[in-house]
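Colleague: I'm new to this one, so please start slowly. Give me a close look at the charged side chains and how they pair up, then show me what else is worth finding on the way.

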Amino acid sequence: MISVDQDKYRAATGSEIEFLRGIIRMMPAGVSVQDEFGNILLVNDAAARMAGPSPQAPMRGLSQRREACEEALRTGQVVVTEEVVKRNGAQQVLLTSHSAVRLSGRKFVISASTDITEQKDFEDQLFRSAYFDSLTGLPSRRVIEHHAHSIIARAGPRDRFALAFLDIDNFKHINDYYGHSIGDGLLVELSKRLGRDLRDSDMLSRISGDEFLLLLSPIESAQDVDEFMKSTLSQLTAPFFIDGSEIFASTSVGISLYPDDGRAFEVLCQNADLAMYRVKNEGKGATAFFDATMEREAVARMKIEQALRLAILERRFCCAFQPKVDIRTHKVKGIEALVRLRDDEGVIQAPGSFINLASELGLIDELTHLVLAEIVKSIDLINDVFGAASTISINVAARQASNTTFMASFVRALEETGFPRRFMIEVTEDAFVAKGHFQCEILPMLRRLGVGISIDDFGTGFSSLSALADITADEIKIDRSFITNIHLRPRSQGILRAIESLSESLGMTVIAEGIETYEELAYLQATSKIRYAQGYYFSQPIFLEQLKSVSPVTSSARVELASRIREQSRHPHLLGRGPQR
């Protein structure tokens, strides 16, 4: 029999208990023990911090914890829960395991908690980035697509919903002019207005930069949808005030209806997109419902796209030249190079049928270089017909003008011609008012070569007097919409006088575009100081084939060339009458 010193045993046991208590107290996990009646018997330091200054009350107040403990006592199984605890205004998420034990005939529950708040926050961030737009907080395309699939899956024979595709008009211009932070602010405020009158069953989603999808479910009729969308768009007419800037924005909307326009989300989305593009092409800032003609237009558009790409490969583009004439002396001041397309049958197509599409497809840069190459190849003929002193204008789209990569290559090409001072670059107002690269980087390069600058279609874009004060353009071309029947339109006459005065004070030459009748010319000659004009009254666009058939003429007789061409031509559609690009 082993003799045991009872005092030493008790001393050793007591020190071990204190040691274990110290270990439990300092454990990083929150540990608590309660009896089967819910009385808290032990709480370590970590559990106390998690529960707050008075752990007894908050733990008893957690109904979820109480139910978990009761289940652990009843089943004898470990029960794991996520508990949300609010302390000092902050929210913590605890992952807690509850284990039932029996000691000395009594039942206890040992609970061990770990703070997973940071992990949950990270998981929430991942979830939100996958399913919600970080800027506006709106659901992503994935969410609205899933929602639409769910509605379609449970839809009855009479259930209907609408899918609207919304695109902010001229958003790139807003971004360029005001800056991206203002553009982001506009997206946030606009999304708030769009969502103001939505029902809980509706859903608004931002699917890309300035594009939104709106699902309206359920709906009674197309008329209800039309009235709702018009009301929504009317709310967008009021200005947006963002960081001290007053911004006006409009939105183009295309709408498709389930099941009339499709029974799958992808089809409905595509058809709403087609309807939206119809609005864009017809003036923007309105709504349109999908119809079958839009699908046929899309097919035709695809054929034009294919033909356009093929035409570039086969170099079937050509140049026409339209003179700029001194309306006092009738002498040619310069010419504008206008790109045209020969179709498969050799018929000349005006740019209205392909320029916008070429720009969308990113083919406009290559077209511009083709025009320059055609001019260089035919410069001797151009000089013989129009004179070696005449300027040569080339159109550059606003989006090209702000593209430093394209413009740098184009400027090099102009320099390599050996006669860069002959050229005049025509760009619309958008290029000047945008806070992009054109004024600070591109203009100096063109000025260094002596290339002239012309503001094309002045008065139809985003006219900005403050922007005009900062630039040194050589020409202002008044859009033909102000010139047509000007002798009969007092308001246009007033606008013309204002533009004339403005250009004179800034030292810019004024070109009147689109002169087609003697009455229009006579009015300008009698009432304005404008010296130069362009239009079908003087000459339709002249093609290289026509130039080759004309003998060289003297400067004083060049106007006769224009007159002969005008009189001889009886087929304006073959000469590419239309938007002069």
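**Charged pairs and their surroundings**

Modeller: Let's start with a network of salt bridges that links Lys324, Lys333, Glu336, Glu426, Glu475, Lys477 and Glu513 (a salt bridge being a side-chain nitrogen of Lys or Arg within 4 Å of a carboxyl oxygen of Asp or Glu). Bear in mind that this is a predicted model, where local features need pLDDT of at least 70 and side-chain atom pairs count only at pLDDT 80 or more, while totals for chains, interfaces and linings use all residues. Numbering runs from 1 along each chain as its sequence is written, and side-chain values use heavy atoms, with hydrogens and water left out.

Zoom in on one pair from that network: Lys477 and Glu426 form a salt bridge, and their closest N and O atoms are 3.0 Å apart. This pair ties together distant parts of the chain, with Lys477 in strand β19 (residues 475-478) and Glu426 in strand β17 (residues 423-428), 51 residues apart; helices (H or I, at least four residues) and strands (E, at least two) are DSSP runs, numbered from the N terminus. Lys477 is buried, and Glu426 is too (under 20% relative accessible area is buried, over 50% exposed, in between partly exposed; 1.4 Å probe, protein chains only).

In total, the structure holds 22 salt bridges. Another to look at joins Asp133 to Arg206, where the closest N and O atoms are 3.0 Å apart. Here too the pair links distant parts of the chain: Asp133 belongs to the loop between α5 and α6 (141-154), Arg206 to strand β7 (residues 203-206), and 73 residues separate them. Both Asp133 and Arg206 are buried.

Now try Asp202 and Arg199, a salt bridge whose closest N and O atoms lie 2.8 Å apart. What about burial? Asp202 counts as buried, since its relative accessibility is 10%. Arg199, at 40%, counts as partly exposed.

Out on the surface you'll find a patch of negative charge made of Asp115, Glu118, Asp121 and Asp124 (patch residues have over 30% relative accessible area and no salt bridge, with like charges joined within 9 Å and nonpolar side chains within 5 Å). Helix α5 (residues 117-131) gives the most to this negative patch, with three residues. Asp121 sits in helix α5, and with a relative accessible area of 39% Asp121 is partly exposed.

For something without charge, turn to Phe19, Leu20, Ile23 and Met27, which make a nonpolar surface patch with about 390 Å² of accessible area together (Shrake-Rupley method, 1.4 Å probe). Ile23 is in helix α1 (residues 6-26) and is partly exposed at 40% relative accessible area. Met27, by contrast, is in the loop between α1 and β1 (30-35), and its relative accessible area of 32% makes it partly exposed. From Ile23 you can also hop to Asn44: the two are 21 residues apart in sequence and 9.4 Å apart in space, C-alpha to C-alpha.

One last stop, the cysteines. How many disulfides does a search of the whole structure find? Zero (a disulfide would need a pair of cysteine sulfur atoms within 2.5 Å). Cys318 is in none; the nearest cysteine sulfur, that of Cys319, is 7.2 Å away. Cys318 is buried, at 10% relative accessibility, and Cys269 is buried with a relative accessible area of 5%.

Key
Lys and Arg count as positive and Asp and Glu as negative; His and the chain ends are not counted. The place of a charge is taken as NZ of Lys, CZ of Arg, CG of Asp or CD of Glu.
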